[in-house]
Structure formats: C-alpha cells, structure tokens
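Student: Can you walk me through this one? I have it open and don't know where to begin.
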Protein chains: 2
Amino acid sequence: MWTRCVRTGPWRRVTAGSCARSLCSSTRTPGGLEPLLRLCVDRYYISPGRANTERFRRGVRCSYGPLGTELRRNLLEQWWHSVSRSSAQVFGIESVSGSGDGAGAGAGAGPLRTVESELLTRLLERQELTKEQLVREALLLLQRSPAARADLLQGALEQFVPALELVNRKLPFGLAEAGPCFQPSDGSGCPAEVTQTSLVWFCSPRTSSQWLDHWTRQRLRWWRKFALSPSHFSSSEVPSEELIEAASRGVRIQYSFPWGPETLETLWSRGDAELLHTHQGVRSKLQCRDGKKSIPHVVSVTGNLDRGVMAFLSNSLQQLKREDSKQKLLQRTVLKLHPVLTPVKVALNISRGATVELRQVCEGLLQEFQEAKISAWPGYLETLPPSMEQLNAKYDEMGVLFTVVISENTLESGLLQVRSRDTTIKETMHVSEIRKFLSRYISVADTN
Amino acid sequence: MWTRCVRTGPWRRVTAGSCARSLCSSTRTPGGLEPLLRLCVDRYYISPGRANTERFRRGVRCSYGPLGTELRRNLLEQWWHSVSRSSAQVFGIESVSGSGDGAGAGAGAGPLRTVESELLTRLLERQELTKEQLVREALLLLQRSPAARADLLQGALEQFVPALELVNRKLPFGLAEAGPCFQPSDGSGCPAEVTQTSLVWFCSPRTSSQWLDHWTRQRLRWWRKFALSPSHFSSSEVPSEELIEAASRGVRIQYSFPWGPETLETLWSRGDAELLHTHQGVRSKLQCRDGKKSIPHVVSVTGNLDRGVMAFLSNSLQQLKREDSKQKLLQRTVLKLHPVLTPVKVALNISRGATVELRQVCEGLLQEFQEAKISAWPGYLETLPPSMEQLNAKYDEMGVLFTVVISENTLESGLLQVRSRDTTIKETMHVSEIRKFLSRYISVADTN
C-alpha cells in the first residue's frame with residue numbers, strides 16, 4: 001500500500017514488503033542547480049544567503065551547516081585514508097602559507113598577501129607624505145605581509161629534503177596535505193578561498209609517466225567508489241596546448257554537473273625543474289639512491305575538496321516519481337549519499353507513548369552510537385514531532401541512512417523498528433543488535 | 001642486565017624481567033626549550049629552519065613534518081569527539097573567512113585582508129594618478145579584498161539563526177569549528193596564522209555562569225587526560241581588569257612550559273551584545289522557547305591547537321637518568337605521548353635473516369594495521385638497518401608506542417617480539433594476536 005502525505009507531497013511505502021525501488025521509475029535531478037541548492041540550504045548542508053550559495057556553486061569554500069560540515073569531514077577523512085593507505089610511503093605534512101624560510105619563499109609565495117588593513121589605511125591617510133614616499137612605504141608594507149598560498153605544492157617541495165632523509169633516500173614516496181589556498185581573482189580584486197587536497201609524489205624520472213597513470217586510475221576509482229552514478233566521473237588527458245609550463249603531461253578528473261563538466265582534480269607530471277628551483281639548484285641535496293643519482297621527478301595530484309562535496313551532493317540527489325492508483329503523480333526526494341560519506345547514519349525517534357522511558361532508551365542508544373563513532377541524530381528531542389511521514393521525507397532529504405523508532409513495544413520486548421533510506425523497507429530488530437548492524441552495514445559499504 | 005650503546009649513549013634493558021622504571025630516577029626536561037626543539041626537528045615533528053622553530057615556540061602555526069602532522073590530526077580529532085560527544089546538541093560548522101554576507105560582515109571581518117599584491121603593486125606604480133586618486137583607489141581595492149578572519153566566533157554568531165531552527169528554538173546548544181585564523185601583529189605588519197578550536201555555546205542568561213564553570217571543568221579534564229604530568233595544566237579566573245569588553249567573566253587554561261605559563265584555551269561568558277549586533281538587533285529572530293522569550297547568552301571556548309601540540313610534546317619529553325655499576329651516568333630520552341595522541345603506534349622491524357619472507361610478513365601486518373586504522377611505521381624498509389639499540393633509541397624519541405620485531409623464529413612458530421616504549425619490557429606474542437592487542441591497548445587508554 002502506498003500513501004501520500006498531502007502537506008509535504010512525498011510518497012512512501014508504509015507497510016513492509018517488496019522493494020520500493022522496483023515499483024517506481026527513478027530519474028536524476030532534471031532541473032539541475034536550483035533544487036540542489038534549495039535542498040542543501042533547507043537541510044543544513046550549507047548556510048543560507050545568496051552570496052554563500054553562489055560560492056558553493058562556484059566550487060570555492062562556502063559556509064557549511066552541520067550536515068555539510070560532517071559530509072566534508074567524512075570526505076576529507078576518506079581522502080587521507082585513500083592516499084596514505086595506498087602505499088607505505090605517503091607522509092602527511094602541514095606547510096605554512098608562504099613559509100618564507102629562505103629557499104623558495106619567493107617562488108611559492110603566490111600572488112596574494114595577508115595585509116593588516118588598519119596599518120595600510122593609516123599609511124594611505126598620512127597627509128604629510130609625498131606620493132613617492134607613500135608608494136615606497138606601501139610597497140614595503142606589502143612585502144613584509146605574509147603571503148597567502150595559492151597551492152600546497154610549494155610546501156611539499158620545501159619539505160622534500162627532510163623527507164628524503166626519512167626514507168633513506170629511496171624513491172618513490174609522497175607528501176600529502178589538505179588545507180585552504182587562495183585563488184587569485186580574474187582582475188576583480190576579490191580572490192577566492194578553496195580547500196585543496198594535495199599529493200606530491202616523488203619518483204625516478206623514467207617512471208613518472210607510469211605513476212601519472214597509476215594515480216589517475218587510483219583517484220578515479222576513489223571518486224567512483226562513493227558515487228551513485230559512477231559514469232558522471234571521468235578522466236581525460238589535458239591537450240598539449242593547455243599544459244602548464246612545468247608539465248610534460250596532465251590529466252583532469254571531472255564531474256558532469258547538470259550544468260556542464262567541472263574539474264575536481266588535476267594530475268601533472270611536472271619534471272624536476274620546480275624542485276631544483278626551490279632548492280636553488282643544489283643537486284647533491286636532492287639526489288636519491290638509485291645508482292644513477294638522479295633528481296626525482298614530481299607528479300602532483302591536486303583536488304578541490306569543496307567541489308568534491310558538491311559533486312557527491314549532486315550525484316546523490318534523486319527525485320523518484322510514480323503514479324498512484326488514482327493517476328496522481330507522487331514524488332520522493334532522496335539524497336542517496338554513500339553510507340561512508342553521509343553525515344547522519346541513524347536518526348533516533350520515538351513514537352507516542354511513555355515519553356520519559358522512551359527517551360531514556362534513546363539516550364542510551366545515542367551514547368552507544370557516539371562511542372562507536374556512528375553519527376546519530378537525536379530526533380527524539382523534538383518537542384513537537386511531526387508525523388512519521390513528514391519525518392521520513394525530511395530524513396530522506398537529509399540523507400539519513402537509517403531511521404530507528406522506539407515505541408512502547410520496545411520497552412516490553414526490546415524490539416525497535418528500523419527504516420532504510422535506500423529501500424524504504426522497515427525491519428524489526430532487537431535493541432541489542434542495532435549498533436552492530438549499523439557498524440557492519442557501513443564497513444561493508446566501505447570495503448566494496 | 002643493563003647494556004649501553006656506546007655510540008648513541010642511551011641505556012636500556014635488553015633482557016625481560018622487572019620493570020625498568022623502578023630502577024631509575026625520572027626527571028622532567030631540565031634545560032627546557034633547546035632539547036625539545038632539537039628532538040622535534042630530528043624526529044620529524046616539525047620542519048627544520050630557525051624561522052620555523054621560532055613559529056613553533058611562539059605557538060603560531062608552523063610547518064610540520066610527518067609525525068607532527070599526525071599528532072596534530074590526532075589532537076584535533078580528540079577535540080572534535082570531546083566537544084561533540086559531550087552533548088547531543090553540539091554541531092560542527094565551517095564558516096568562511098569574513099563571509100561578508102550582509103549582516104555582521106563589518107563587525108567580524110577582522111583587521112586583516114587578503115590582497116592581490118600584483119594588483120596593488122600595479123596600482124601604486126601608476127604614474128598618471130594624483131596622490132588623492134591613488135589613495136582612493138587603494139582604499140577601494142582594500143575594501144573589496146576578502147577579510148582574513150581573526151577568530152571563529154563571528155562565523156558561529158552568523159550561523160546562530162539556522163541552528164536555532166534546527167534545534168526547534170530550544171537551548172542550550174553549541175556550534176563547534178576548527179580552522180586557521182590570523183592574529184594581527186603588534187604593529188610590525190607581519191600577522192601570524194594560528195589554528196583555532198572554537199566552541200560557541202548558546203544558553204539561557206541565568207545559566208551562563210554555570211555553563212562557563214561546566215566547560216572549564218570539562219576542558220581542563222580533557223587536557224589532563226592526555227598528560228604525563230597533569231598538574232602542569234591549570235585553570236584560573238581572568239582578573240576583572242583583563243576582561244574583554246563583552247565579557248562578564250573569563251577563565252584561562254594554561255600550561256606551565258619550562259620557560260613559563262602560556263594560555264592554551266580561553267573561556268568567556270560574553271552576554272548577548274555581540275549576538276544582537278551580528279543580527280542587527282532583530283530580537284524576534286534570536287528568541288528561544290523558554291517562556292520568557294529571552295535572547296541567549298554566549299559562552300565561548302577558544303583554543304590554540306598549535307600551542308596544544310607543543311604543550312603535549314613538552315609534557316611528554318622525559319630524560320631518564322641512572323648510574324650503571326661503574327658509576328657512569330646513562331641517559332635515555334623518551335617522548336611518552338599518550339597512546340591515543342602518539343603519531344606512530346607501532347614500528348615494524350626485521351632482524352637479520354631471510355629478508356624476502358620476513359618483509360612479506362611485515363607487509364601483511366602493515367596492511368592489517370592500516371585497515372584497523374593503527375598507524376604503523378615501516379621500519380623494515382630501511383636498507384641499512386641500525387642495531388636494535390640504536391633503533392629503540394630512535395623510536396623512543398619518536399614516541400613509538402610499541403616496536404615489533406619479526407625474525408626467522410616468526411616464520412617457524414608465528415611468534416614475534418613486542419617492546420613497549422613505556423616499560424621497555426619485551427614480550428613474545430603470536431602474530432595473530434598483535435592487532436587485537438594494540439587496538440585494545442589504545443582503546444583502554446582512551447577510556448581511562
């Protein structure tokens with residue numbers, strides 16, 4: 001039996017039975033941007049405001065709500081594991097924005113600087129200075145101001161020497177980092193903050209092209225692993241006329257958004273010129289132990305975390321439609337984020353009844369989930385709970401993987417009801433089994 | 001029996017038996033800063049270079065090596081769990097550096113701006129402009145440049161309205177965030193980057209002082225949980241003459257470094273003025289559901305992650321001394337970081353023998369550890385392994401919790417040797433038990 005919630009419009013299955021998916025036709029977000037943005041704001045993925053949604057759309061860092069923050073954290077965590085688990089020889093580093101520690105500071109400083117605006121304003125307003133004095137002083141202030149980095153490559157190149165010692169001068173190895181960077185504007189004077197993920201891979205010159213292929217495959221597999229429609233993620237060789245100066249080859253990993261393809265990650269085979277430049281050409285410091293004493297080549301793998309978040313949100317949004325028996329068109333909106341990525345794994349709710357006791361059960365479960373690092377949503381705290389229909393519609397839009405309902409029955413028999421976001425099927429389970437069930441479900445999804 | 005490695009100077013117990021600790025007198029780092037800095041550079045906690053170690057000492061963000069990066073990640077992870085697990089109603093957010101989304105942008109923008117230096121330089125060098133035109137244009141460019149935030153408070157105040165809706169207008173709740181901020185310089189024109197942790201707690205006006213006490217206790221307990229000498233962490237009320245403008249009360253959590261106390265975290269009971277200001281005094285948007293429709297009061301808990309890293313490194317560094325039978329002074333340097341924080345939980349090494357087979361065992365174990373998220377150090381990859389004495393001395397300085405040695409014997413019997421950093425005792429264990437042993441050891445340390 002299918003029922004429809006008149007107020008909110010979604011349909012769902014209310015009795016257990018065969019899979020809901022087989023009964024309906026599924027379509028990908030047709031409209032594209034607008035429904036996605038509305039859902040992201042309504043369901044606490046991003047903060048409201050036109051400027052903020054515009055940042056989100058452009059793939060630069062925006063202000064995230066609680067769910068977006070958790071999704072972003074999960075994605076970053078997966079990226080770390082993927083690059084560091086892939087090989088014993090990838091090390092995490094943290095470099096400083098335009099470290100300015102002698103070597104290479106100028107080269108990597110990037111075109112942006114963090115200026116104390118009050119100092120500069122006060123300087124500009126000093127009447128007694130001539131124009132020439134003013135210009136000289138302002139340029140000096142600008143030079144002293146720390147650089148805001150444009151990418152994480154330079155930090156990794158600078159850390160190459162101690163890292164080479166760490167691995168006993170043996171190649172290949174990699175340095176990984178994630179953090180904020182600033183992209184220069186296109187002349188408007190308003191640069192944008194992006195969150196970069198960076199793997200800088202050092203290998204012997206003759207293997208650099210193979211490593212570029214290796215990392216392309218590895219990264220594309222990673223993106224697709226979490227996708228509902230993996231085919232929307234693709235890789236393509238950068239045409240020779242678009243190669244950056246240092247690079248002999250490049251590959252882009254892109255996502256086909258409803259409004260067109262955008263680049264999520266770029267891989268370059270960069271040679272050794274930048275490494276040599278950073279270390280002022282002192283070859284002896286850079287040589288590795290491979291008999292030929294060659295200077296390593298660099299393969300860089302640079303991603304945009306915020307655009308990655310948007311790609312997975314866009315990829316996961318499903319609007320499912322079907323006609324009911326009276327030929328009314330019913331619609332259900334679900335954010336089918338991958339179990340590992342989705343910010344809320346389980347929502348805890350209570351049905352009407354002896355509220356105090358039911359809440360105590362929920363609190364016990366919440367703590368159990370928190371200890372097992374399963375993020376749970378305390379739906380039972382809502383003082384004016386909506387109907388189960390409305391709740392399910394809301395949770396589907398939030399991407400909540402499972403909804404648990406504790407009822408009077410739970411107090412007597414220990415049984416509770418678990419609804420799956422992806423199948424809409426409701427199961428009965430014992431309260432002592434739910435944590436293990438969820439842990440297993442998520443870890444199976446992780447290894448697939 | 002005690003032996004001494006002549007070359008590196010440390011002493012250690014080489015046969016199993018009673019606890020090594022009982023035989024020696026333990027002293028805290030006497031010299032203070034220098035030995036700590038040297039160890040941090042030598043053991044890949046921070047990058048070399050005078051400017052970098054100076055940043056580290058000042059508690060601003062510096063460039064971290066692989067071990068420092070992992071320690072910092074672990075500490076941040078623990079902070080997240082601690083603030084979000086402490087209550088069902090703490091939500092993570094990500095705000096944008098000086099979001100500039102209408103309301104409050106001016107107030108919270110902070111005194112720093114990210115300027116495109118090339119644009120400004122080109123402007124300053126335009127000969128045809130009069131001084132007045134130049135000043136006007138430069139000020140305009142400065143205004144258009146995005147602000148670099150000085151703290152995370154403003155972002156949380158801006159997100160208060162959607163968050164209030166999320167919790168059904170019910171207090172108390174909190175918004176947590178961690179990220180880079182910029183501290184204005186003391187007039188030198190060179191601001192510093194710090195990594196802040198921020199919990200902004202919204203509660204009813206009459207409970208704000210109690211909440212300040214609650215969070216002080218909770219935070220101090222957290223710092224002390226990971227300490228070898230918990231008494232070096234302390235809290236003290238901010239004297240009334242040092243209160244910031246908005247605050248009615250303040251508390252500082254400090255660490256007694258060998259060179260004096262420094263503040264790790266500051267808690268303020270800030271009233272409602274900043275919240276009202278951010279939302280331009282529109283009280284109806286801010287009211288919560290507690291009968292009296294009051295405006296929430298704000299308690300802020302702001303920490304310095306980088307100084308926290310340094311506090312734990314300083315707290316964990318032990319130089320143990322004893323005289324041997326010939327009255328020679330032996331010294332052992334150990335970084336006794338808490339099992340949860342220490343970057344390397346286990347090092348995998350091989351003794352002399354059939355290298356290929358032994359390496360295969362190591363690789364299998366490494367993968368097992370990585371899957372269980374136990375960070376392991378591939379010591380077996382070293383092509384010119386030093387003696388076990390030297391290795392142990394190095395691992396002790398790195399803070400490696402356990403050292404596993406795979407030998408010919410492992411291939412025959414499945415038995416390997418496990419050495420504990422803290423007791424220096426060596427145990428024999430079956431290869432199938434080691435992962436479980438480590439997981440249990442770390443999780444027991446976590447719950448204590």
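Tutor: Start with a term. Domain bounds come from an automatic or database domain assignment. This is a predicted model, too.

Student: OK, so how is chain A divided?
Tutor: Into domain 1 (40-92 + 155-336) and domain 2 (344-447).

Student: What separates the centres of domain 1 and domain 2 of chain A?
Tutor: 34 Å, taken over C-alpha atoms.

Student: And how many residues are in contact there?
Tutor: Twelve residues of domain 1 of chain A are in contact with 15 residues of domain 2 of chain A. The area buried between these two domains is about 1200 Å². Carbon and sulfur atoms give 48% of that.

Student: Which three residues of domain 1 of chain A supply more of that buried area than any other three?
Tutor: A:Arg43, A:Leu67 and A:Arg332. They supply 40% of what domain 1 of chain A buries against domain 2 of chain A.

Student: Switching topic. Which helix packs with helix 13 of chain A?
Tutor: Helix 16 of chain A, residues 434-447, packs with helix 13, residues 355-371. The angle is about 35 degrees, and the axes are 10 Å apart.

Student: Is that crossing left-handed or right-handed?
Tutor: The crossing of helix 13 and helix 16 of chain A is right-handed.

Student: Which residues meet?
Tutor: From helix 13 of chain A, A:Leu365, A:Glu368 and A:Phe369. From helix 16 of chain A, A:Ile434, A:Arg435 and A:Leu438. By class, this contact has four nonpolar and two charged residues, and no polar ones.

Student: Now strands. Do strand 17 and strand 18 of chain A run parallel or antiparallel?
Tutor: Antiparallel, with four bridges joining strand 17 (residues 402-406) to strand 18 (residues 415-420) of chain A. In one of these, A:Val405 has A:Gln417 as its bridge partner.

Student: What about strand 18 and strand 19 of chain A?
Tutor: Five bridges join strand 18 to strand 19 (residues 426-430) of chain A, and this pair runs antiparallel. Look for A:Arg419, which stands opposite A:Lys426. Strands 18 and 19 of chain A form a hairpin with five residues between them. In the turn, A:Thr424 has a positive phi of about 65 degrees.

Student: Last one. How many residues does the contact take from chain A and chain B?
Tutor: 89 from chain A and 88 from chain B. The two chains bury about 7400 Å² between them, 55% of it on carbon and sulfur atoms. A:Glu94, A:Glu116 and A:Lys131 supply 9% of the area that chain A buries against chain B, more than any other three residues.

Terms used:
Residues are numbered from 1 along each chain as its sequence is written. Chains are lettered from A and ligands numbered from 1 in the order in which they are written. This is a predicted model: local features need pLDDT of at least 70, side-chain atom pairs count only at pLDDT 80 or more; totals for chains, interfaces and linings use all residues. Side-chain values use heavy atoms; hydrogens and water are left out. Axes are lines fitted to C-alpha atoms, for helices over the stretch in contact, and angles run from 0 to 180 degrees between N-to-C directions. Helices (H or I, at least four residues) and strands (E, at least two) are DSSP runs, numbered from the N terminus. A crossing is left-handed if the near helix is turned anticlockwise from the far one by less than a right angle, and right-handed if clockwise. Contact means heavy atoms within 4.5 Å. Ala, Val, Leu, Ile, Met, Phe, Trp, Tyr, Cys and Pro count as nonpolar, Asp, Glu, Lys and Arg as charged, and the others, Gly among them, as polar. Two strands pair if DSSP finds at least two bridges between them. Buried area is the accessible area (1.4 Å probe) that two parts lose on being put together, summed over both.
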